[in-house]
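Visitor: I'd like to poke at the labels people put on a model like this one. Can you walk me through where they come from?

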Amino acid sequence: MNSLRLQMQIYLLLVTLLGVAAYGQRVPAIHPVSGRVIAPVMSAAGADWLERAERENEESPTKAVALLGLKPGMTVCDLGAGTGYYAVRMARLVGAEGKVYAVDIQPRMLDLLSKRLSAAGIKNIEPLLGAESETNLPPESQDLIILVDVYHEFSKPQEMLRSIRKALKDTGRLVLLEFRKEDGNVPIRLEHKMSLTEVKAELDPEGFQIEKVLDTLPWQHMIFLRKK
Ligand SMILES: C[S@@+](CC[C@H](N)C(=O)[O-])C[C@H]1O[C@@H](n2cnc3c(N)ncnc32)[C@H](O)[C@@H]1O
């Protein structure tokens, strides 16, 4: 095991333990359709990891955001936004006439994001507190909702997908970025990865169809879905 891989494994173990400490002892939940083990929520205590300098090399976020097809004036959502690493990059592309909702269930993440927005004078991102099974987004309002390393943490994935579906415009797209479970060389713990088979099995019954899959990012699937 090389040192980068070891560091990632130790980090994710730490984050898992912090999550368990924050949210109480939990028996791992299993997705009722796919049998996937649902990962614990990453604690805000590990928020620094989201802003690590190596992330550009590991995930190519600049390339990922460019592939979203965002246009000025769009209304979009970074769901499970954390510190807003992706939201701030998306905000540049939708411009002043557009809007990015940055939703998270951890108030501490939203505090970190709000401080960042004030410091940078960013006005087109709205932090929004979500719930375990509810985005709290306005109905049929979103051109695109992206989940970056988030879907596998949803404790109520079916309910969340129903809420996401309601928030999307009929023409809107849902984009998942998930570490590739099929690739043993991606140095991430198994419950923080997803396979395309799992994505299809879990999202198809909730009324989403895969439009395209891009596997051009270093470690992640980039999966574009539409409402069926
Ligand atoms: C691994 S972090 C990724 C953060 C961010 N997307 C990024 O890539 O920098 C996962 C985030 O998803 C959030 N999350 C988990 N379940 C959620 C839910 N049901 N609704 C909204 N956010 C959620 C967590 O609080 C956490 O901030």
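Guide: What follows is a short chat about a predicted model and the reasoning behind some of its labels.

Visitor: Let's get oriented. How many helices and strands does the protein have?

Guide: There are eight helices and eight strands. The protein runs to 228 residues, and 39% of them count as buried.

Visitor: Okay, leucine 214. Why is leucine 214 called partly exposed?

Guide: Just count neighbours. Leucine 214 has 15 C-beta neighbours inside 10 Å. Buried takes 20 or more and exposed takes 12 or fewer, so with 15 leucine 214 lands in between and counts as partly exposed.

Visitor: And where does leucine 214 lie, and what is it in contact with?

Guide: Leucine 214 sits in strand 7. Setting aside neighbours within four places in sequence, its contacts are Leu67 and Met222.

Visitor: What separates the C-alpha atoms of leucine 214 and leucine 177?

Guide: Those C-alpha atoms are 9.8 Å apart, with the two leucines 37 residues apart along the chain.

Visitor: On to asparagine 136. What makes asparagine 136 partly exposed?

Guide: Asparagine 136 has 13 other C-beta atoms within 10 Å. Exposed stops at 12 and buried starts at 20, so 13 puts asparagine 136 in the partly exposed class.

Visitor: What about the backbone of asparagine 136, and where is that residue found?

Guide: Its phi is positive, about 65 degrees, although asparagine 136 is not a glycine. The residue is in the loop between strand 3 (125-129) and strand 4 (142-148). Glutamate 140 is also in the loop between strand 3 and strand 4, and glutamate 140 has a positive phi of about 45 degrees, again without being a glycine.

Visitor: Which exposure label does glutamate 140 get, and why?

Guide: Partly exposed, because glutamate 140 has 13 C-beta neighbours inside 10 Å.

Visitor: Now helix 8. Which of its residues are buried?

Guide: In helix 8, residues 196-203, the buried ones are Val199, Glu202 and Leu203.

Visitor: How do you know that the buried residues line one face of helix 8?

Guide: Look down the axis: the buried residues fall within an arc of 85 degrees, so they line one face of helix 8. They pack against several elements, including helix 7 (157-167) and strand 5 (168-180).

Visitor: Last one, the ligand. How many residues surround it, and how do they divide?

Guide: 22 residues surround the ligand, with Leu50, Gly80, Gly82, Tyr85 and Val148 the closest. The shell divides into 14 nonpolar, four polar and four charged residues. Helix 5 (85-94) and strand 2 (99-104) each supply at least two residues of that shell.

Terms used:
Residues are numbered from 1 along each chain as its sequence is written. This is a predicted model: local features need pLDDT of at least 70, side-chain atom pairs count only at pLDDT 80 or more; totals for chains, interfaces and linings use all residues. A residue is near a molecule or strand if its C-beta atom, placed from the backbone, lies within 6 Å of it. Helices (H or I, at least four residues) and strands (E, at least two) are DSSP runs, numbered from the N terminus. Ala, Val, Leu, Ile, Met, Phe, Trp, Tyr, Cys and Pro count as nonpolar, Asp, Glu, Lys and Arg as charged, and the others, Gly among them, as polar. The arc is that of the directions from the helix axis to the C-beta atoms. Two residues are in contact if their C-beta atoms, placed from the backbone, lie within 7 Å.
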